[in-house]
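Me: Could you give me a close look at the salt bridges in this one? I'd like to hear how they sit in the fold, and then what else is worth a glance.

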Amino acid sequence: MRPTIRWAALVYAIFPPVNWSLFFGELVSGLTLGSIYALIALGYTMVYGILKLLNFAHGDVYMVGAFIGFFVLQWLGGPLKPVVTGWLAVAIMFAVAMIGCGALGVGIERFAYRPLRDAPRIAPLISALGVSIFLQNSALLLWGPQFRDYDSFDLVGVKSYSIGKNFFISNVQILAIAVSIGLTIALTLVVSRTRTGKAMRATSFDRDAAEMMGISIDRVISFTFFLGSALAAAGGIMFGLVFGQIFSLMGFTAGLKGFTAPSLEESEASPAPCSAAS
């Protein structure tokens with residue numbers, strides 16, 4: 001065998017040809033799932049930025065949002081024969097789930113976290129775990145352990161679009177990525193351009209000083225929980241549309257993955273040991 005042939009075989013074994021269909025398929029799947037996790041992480045980070053609280057119940061709010069969307073779909077006639085067009089049904093599902101989970105987030109803050117706001121940090125953390133367990137088991141009791149199916153193929157008629165020979169993306173994947181980007185931009189504008197957003201930033205920077213300047217801390221924190229929970233609900237709806245099935249324990253895994261966002265923020269914000277000592 002010639003040396004060049006041996007070298008060619010060695011290079012082929014180390015660097016096999018790229019399967020571009022697999023590569024672009026995994027890329028689209030990663031962007032879609034990442035868009036859903038991004039909305040969960042935004043809610044985590046907003047609450048952590050103001051209260052320095054890891055809201056472990058946030059993943060279960062995401063689960064509740066997915067179930068609210070499912071029951072709204074059933075109320076509209078189901079995916080096979082909705083009383084409105086499929087995309088209008090999706091819009092109604094988003095609106096009702098986001099408002100419902102926003103109200104749920106406000107209730108969680110009012111009854112589970114506000115009484116412990118000035119307690120040691122371990123107390124609201126334990127309360128957050130308790131709320132998470134309560135929501136999980138309530139969902140199991142109310143809706144059972146079985147999977148529920150959004151049946152997106154019948155609801156919106158899932159279509160696949162291609163760019164070239166190897167890149168394929170469906171309309172529900174486009175919807176998930178577009179909704180995530182749109183909600184992220186909307187949240188950025190709310191935080192940076194509105195009076196409430198400025199109050200949120202002031203509360204995050206120094207809660208006592210913000211209160212002395214006349215900012216209603218309770219109102220700002222409740223609004224933050226409303227926004228974060230509404231974003232989680234949107235993520236739950238998108239998960240149901242893209243992956244079809246939802247279940248009562250789906251929030252636990254998603255919450256753990258979204259949990260990395262405030263954890264990373266804390267590690268970046270904390271000073272290095274050498275700089276702290278100096």
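Reply: Here's the walk-through, salt bridges before the rest.

A quick word on the ground rules: this is a predicted model, so local features need pLDDT of at least 70 and side-chain atom pairs count only at pLDDT 80 or more, while totals for chains, interfaces and linings use all residues. Numbering starts from 1 along each chain as its sequence is written, and side-chain values use heavy atoms, with hydrogens and water left out.

Side chains of opposite charge can pair when their charged atoms come close. The cut-off here is a side-chain nitrogen of Lys or Arg within 4 Å of a carboxyl oxygen of Asp or Glu, and the search of the whole structure turns up three salt bridges.

Start at Glu109. It pairs with Arg114, with 3.1 Å between the closest N and O atoms, and also with Arg117, where that gap is 2.6 Å. How exposed are these side chains? Let's fix the words: buried is under 20% relative accessible area, exposed is over 50%, and partly exposed is in between (1.4 Å probe, protein chains only). Glu109 counts as buried because its relative accessible area is 0%, whereas Arg114 is partly exposed at 22%. Arg117 is buried too, at 19%.

Now carry on from Arg117, which also meets Asp218 in a salt bridge, 2.6 Å from N to O. This pair links distant parts of the chain: Asp218 is in helix α10 and Arg117 in the loop between α4 and α5 (122-143), 101 residues apart. (Helices are DSSP runs of H or I with at least four residues, strands are runs of E with at least two, and both are numbered from the N terminus.) Asp218 is partly exposed, at 34% relative accessible area. Put together, shared partners join Glu109, Arg114, Arg117 and Asp218 into one network.

Next, the aromatics. Rings of Phe, Tyr and Trp (its six-membered ring) pair if their centres lie within 6.5 Å; planes under 30 degrees apart are called stacked, over 60 edge-to-face, and the rest tilted. The whole structure has 11 such pairs. Take Phe70 and Tyr150: they make a tilted pair, 6.4 Å centre to centre with 40 degrees between the planes. Phe70 is in helix α3 and Tyr150 in the loop between β1 (148-149) and α6 (152-156), so the pair ties together parts that are 80 residues apart in sequence. Both rings are tucked away: Phe70 is buried at 7% relative accessibility, and Tyr150 is buried at 0%.

Tyr113 and Phe225 form another tilted pair, at 5.7 Å centre to centre and 40 degrees between the planes. This pair also joins distant parts of the chain, with Tyr113 in helix α4 and Phe225 in helix α10 (residues 217-243), 112 residues apart. Tyr113 is buried at 3% and Phe225 at 2%. Back with Phe70 and Tyr150, those two belong to one aromatic cluster together with Phe67, Phe71 and Trp143.

In that same loop between β1 and α6 you'll find Asp151. Most residues other than glycine have a negative phi, yet Asp151 has a positive phi of about 55 degrees although it is not a glycine. Its relative accessible area is 23%, which means partly exposed. Lys52 has a positive phi as well, near 55 degrees. Lys52 sits in the loop between α2 and α3 and is partly exposed at 40%.

For one more long-range contact, try Thr85 and Leu155: 70 residues apart in sequence, but 8.4 Å from C-alpha to C-alpha. Thr85 is in the loop between α3 (58-75) and α4 (86-113), and at 54% relative accessibility Thr85 counts as exposed.
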